[in-house]
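User: Could you walk me through the charged side-chain pairs here? I'd like to go pair by pair.

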Amino acid sequence: MKNQYNKTVAACFTGSIVQAVINNFAPLLFLFFQRRYHIPLSQITLLVTFNFGIQLLIDLLSAGFADKIGYRASMVTAHVCSAAGLIFLTILPEILPLPFAGILISVMIYAIGGGLLEVLVSPIVEACPSDNKEKAMSMLHSFYCWGHAGVVLLSTLFFYVAGVGNWKILALLWALIPIANAFAFTKVPIAALIEEGETGLSLKELFRYKIFWILMAMMICAGASEQAVSQWASTFAEKGLGISKTAGDLAGPMAFAILMGISRLLYGKYGERFRLERVMIYSSCLCILAYLGISLFPIPLFSLMACAVCGLSVGIMWPGAFSKGAAALPKGGTAMFALLALGGDIGCSVGPTLVGMVSGRLGDNLKMGVLAGIVFPVLLLIGILLSRKAKAESLEWP
């Protein structure tokens with residue numbers, strides 16, 4: 001990695017942390033919002049759906065405008081929106097007649113930032129000079145996990161010391177990270193993803209490749225497999241298993257995030273020793289077993305352990321699919337990364353929504369909701385196996 005791009009990579013790593021903040025801070029407050037603003041669980045579920053729904057819309061639109069306005073302007077905009085959404089979250093629910101509308105508007109604003117970050121951090125890192133792109137990509141996405149764990153740990157400590165009623169102070173503190181990183185992206189060098197004189201594949205050209213559609217399906221299932229457990233882990237531990245909020249946050253989403261980060265960190269450090277496809281197959285099988293454990297273990301401690309194992313199993317899926325796409329379609333460009341991010345965010349929306357809907361229909365039984373979500377890691381495994389036969393014209397699946 002050339003030294004002048006070290007700051008660029010560091011800023012992208014911080015961008016992944018910003019993603020973690022905006023995706024995982026509000027879920028820690030779901031039950032508080034439910035009690036404080038008298039919002040039913042069905043509407044709380046809508047917050048998750050709306051967050052990732054807006055992100056996937058931005059993923060789709062950015063395939064057309066990101067290259068035109070430039071990566072730098074897009075990244076600054078992403079961080080500004082992320083900070084603004086967190087700040088508005090502390091204001092709008094109190095001043096609007098319907099508190100839920102205020103929360104929804106705030107989620108929409110920071111979801112715009114999240115969508116842009118999802119699309120752009122990966123191609124920016126991919127464009128930076130590096131000896132091993134797969135390792136760099138895995139390391140990038142590991143920072144999302146460390147950000148996730150940090151959000152849960154620091155937020156839990158804050159709630160324990162200051163009380164959950166002072167959550168607005170913490171939201172403003174979290175907003176400082178995207179504000180600072182917005183300034184960083186005004187200065188760091190940004191390399192071109194496609195070499196000068198060449199053009200990336202158009203959407204029409206991308207759609208002709210069978211491997212692209214397999215990757216899209218894998219990204220949908222990867223996002224769903226991850227977020228179906230991650231977004232409900234705190235609520236599941238607290239409500240479904242009858243433990244305190246502090247213990248639920250630490251044992252649920254934080255353990256999930258730490259093990260997910262460890263899997264990405266290990267692959268980022270030792271990835272050259274293993275075939276990525278084989279690791280993804282084993283991880284999918286482990287994910288299926290984890291879903292079964294969460295749903296069927298009668299002992300709460302074992303169910304919590306299965307939640308953590310699920311984090312370990314899904315860690316490599318998202319960055320792995322990105323790496324495979326970059327290797328199979330080297331001229332995919334921003335459009336490919338945007339559409340793969342779109343697929344991932346579709347999964348991130350569909351997974352938690354399915355869990356919430358099934359749980360609601362079965363008397364708020366989150367265990368049965370998670371059991372319904374097992375369809376996603378099963379389909380992911382099928383997609384990986386199908387990819388063995390896929391070719392992008394003369395480019396074999398690596």
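Analyst: What follows is a short talk through the salt bridges of this predicted model.

User: How many salt bridges does the structure hold?

Analyst: The structure holds 3 salt bridges, and R36, E94 and K168 are linked in a network of them.

User: OK, which parts does the R36 and E94 pair tie together?

Analyst: The side chains of R36 and E94 meet with N to O at 3.5 Å. R36 lies in helix α2 (residues 30-36) and E94 in helix α5 (residues 92-95), so this salt bridge ties together parts that are 58 residues apart in sequence.

User: And what's the distance between E94 and K168?

Analyst: The closest N and O atoms of E94 and K168 are 3.0 Å apart. Since K168 lies in helix α8 (residues 167-184) and E94 in helix α5, the pair ties together parts that are 74 residues apart in sequence.

User: How accessible are the residues of that network? Start with R36.

Analyst: R36 is partly exposed, with a relative accessible area of 41%; E94 is also partly exposed, at 36%, and K168 counts as partly exposed at 26%.

User: Switching topic, where do E226 and R264 lie?

Analyst: Their side chains meet in a salt bridge at 3.6 Å, N to O. E226 lies in helix α10 (residues 210-230) and R264 in helix α12 (residues 245-270), so the pair ties together parts that are 38 residues apart in sequence.

User: Is E226 buried or exposed? What about R264?

Analyst: E226 is buried, with a relative accessible area of 4%, and R264 is buried as well, with a relative accessible area of 2%.

Technical notes. Residues numbered from 1 in each chain as written. Predicted model: local features only at pLDDT ≥ 70, side-chain atom pairs only at ≥ 80, totals over all residues. Heavy atoms only, no water. Salt bridge = Lys/Arg side-chain N within 4 Å of Asp/Glu carboxyl O. Helix = DSSP H or I, 4+ residues; strand = E, 2+ residues; numbered from the N terminus. Buried < 20%, exposed > 50% of the residue type's maximum accessible area, 1.4 Å probe, protein only.
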